[in-house]
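Let's take a walk through the empty spaces of this protein, starting with a small one and working outwards. Have the model open beside you as you read.

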Amino acid sequence: MSATPDPRLKAESVTVRTLAGFDEAVNVLGSKSYTNRYLAIASLSGQETVIKGALLSDDTLYFARAIETFCHVTCAIDHATASIHVTPTGQPMRAPKEDIFVGGAGTPLRFLISMAGHAQGTTIITGNTRMQERPMGDLLQALPPLGVDATAVRGNGSPPIRVVGGSFKGGATTINGLVSSQFTSSLIINALRAENDTHITIADDLVSKPYVEMTLAALKEMGVNVGRDGYSTFTVAAGQQARGGEVTVEPDASGMSYFLAAAAILGSRVVIPGIGSGSHQGDVDLVDALERMGCRTQITDDEITLTGGPLRGIDIDMEAMPDVVPSLAAVAAYAEGTTRITNIASLRVKECDRISAVTTELRKMGIEVEELPDAMYITGGTPHGATIDTYDDHRIAMTFAIAGLRTEGVVIKEPGCVAKSFPTFWQTLDTLHPDLQSTK
């Protein structure tokens, strides 16, 4: 892949080129979720750590720079090798003088709220306009019992968030699990530096459970054990230290989803190397969903292969893999019958209201969609071209770009928003076109 910045990231729009079919191995960038988790753990470990195969995207770069403002580590970014070198400075954590701004990076902001509890002084953490609408109240209520004073500046439960730190004592707290699993992951990771054992009880249910499993897997990989009782309680014993050294990030299952979807709707074959049956990423389960829709699949320890076939609608609960709902919705638009995607209320509070956005843009393409508060019913048909609004949401842009591989006349507005999680997306899409094979 060329190191030259892709001019499409600065363009007003991109018209997607259709494709008859393909048979390709596609290399997907590293997992955003794992990169963020390893960054957080490494910054708290006190050990020199090299994160290899890291995703270097808007979200992860915002996080790395934010972590550095606490002055206790440096985060050296190597774009050539896709690595992040986290090095302790020997200085204590202290609040930065300037506000920490993370754009639309939701996971980093939630991790930073708890992390600021370790930094002496007052930290203000904020983001873009959409981020300042997203709910953080559950996390803000869970931190005071652990000794951390965290409040919303405007009193509305959303950023900007003010944290008075240097007081992450640990102890026992309860958190609502129904809005975001990232709140739970934030507490578990940052309990690593608490003065006392930390006991976290989940009220109600926990959404997006695979993301907490990823947190536990990342901690285990770095030598930290977390006690648990299913998804109801988690205990982090004080005094544990994460190991340093090297850690490798596996490919991003959410990023992989677009190329699985492309193969599905084009009746083509795609191979995704570097990720397989041992992955803790919940979005890998999209493979099973597409198999139910009529694709043929094969998963080994370190490779996923999918071949498209005649597609049919299915009923599916996607609470555990919300980030790939748009990808499945795009496939459903080409399937025979109706696909009912349920239990996805959490999509209302993502980078945009993704239920509304996907519904609106599929309808522009002539597809019948019934929108419910926590579901979408999509009746497949023959989509036609349309100009797609992306809502500054990377997943909307990439989803409808895939539809444009089959349907002529799909124009993606603000294509640069893909940089949030997949800055080489347009170049990777090019590798599917026979006349652009030289760009691999």
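Since this is a predicted model, every space described here is a computed one. We begin with the second largest cavity, whose lining has 6 nonpolar, 2 polar and 2 charged residues. Which residues are they? The lining of this cavity is made by Val28, Leu29, Leu55, Asp252, Gly255, Tyr258, Arg395, Met398, Ser421 and Phe422. By the classes used here, Asp252 and Arg395 are the charged pair, while Gly255 and Ser421 count as polar. The volume of the second largest cavity is about 40 Å³, and helix 7 (253–266) and helix 11 (394–406) each bring at least two residues to its lining.

In total, 2 cavities reach 30 Å³ or more, so let's turn to the other one. The largest cavity holds about 400 Å³ of space and has a lining of 32 residues. To find its centre on your screen, look for Thr107, Gln182, Tyr211, Asp323 and Lys350, which lie nearest to that point. The make-up of this lining is 6 nonpolar, 13 polar and 13 charged residues. Four helices are worth colouring here: helix 1 (32–45), helix 3 (106–115), helix 5 (181–190) and helix 6 (209–221) each supply at least two lining residues. Which helix gives the most? That is helix 1, with 4 residues.

Now for the open spaces, the pockets. The largest pocket encloses about 770 Å³. Its lining counts 31 residues, and those closest to the centre are Leu29, Leu56, His79, Pro423 and Thr424. You have met Leu29 already, as part of the lining of the second largest cavity. Around the largest pocket, the lining residues divide into 17 nonpolar, 11 polar and 3 charged. Helix 2 (58–68) and helix 12 (425–430) each contribute at least two of the lining residues.

One more stop remains. The second largest pocket has about 240 Å³ of volume, with 18 residues along its lining. Closest to the centre of this pocket are Asp58, Gly104, Asn128, Asp392 and Lys420. How does its lining divide by class? There are 7 nonpolar, 4 polar and 7 charged residues. Asp58, Asp392 and Lys420, among the residues closest to the centre, belong to the charged class.

Definitions and conventions:
Residues numbered from 1 in each chain as written. Predicted model: local features only at pLDDT ≥ 70, side-chain atom pairs only at ≥ 80, totals over all residues. Heavy atoms only, no water. 1 Å grid on protein atoms, 1.4 Å probe; cavity = no way out; pocket = protein on both sides within 12 Å on 5 of 7 lines; lining within 4 Å. Points joined across faces, edges and corners; volume = space filled by probe spheres on them.
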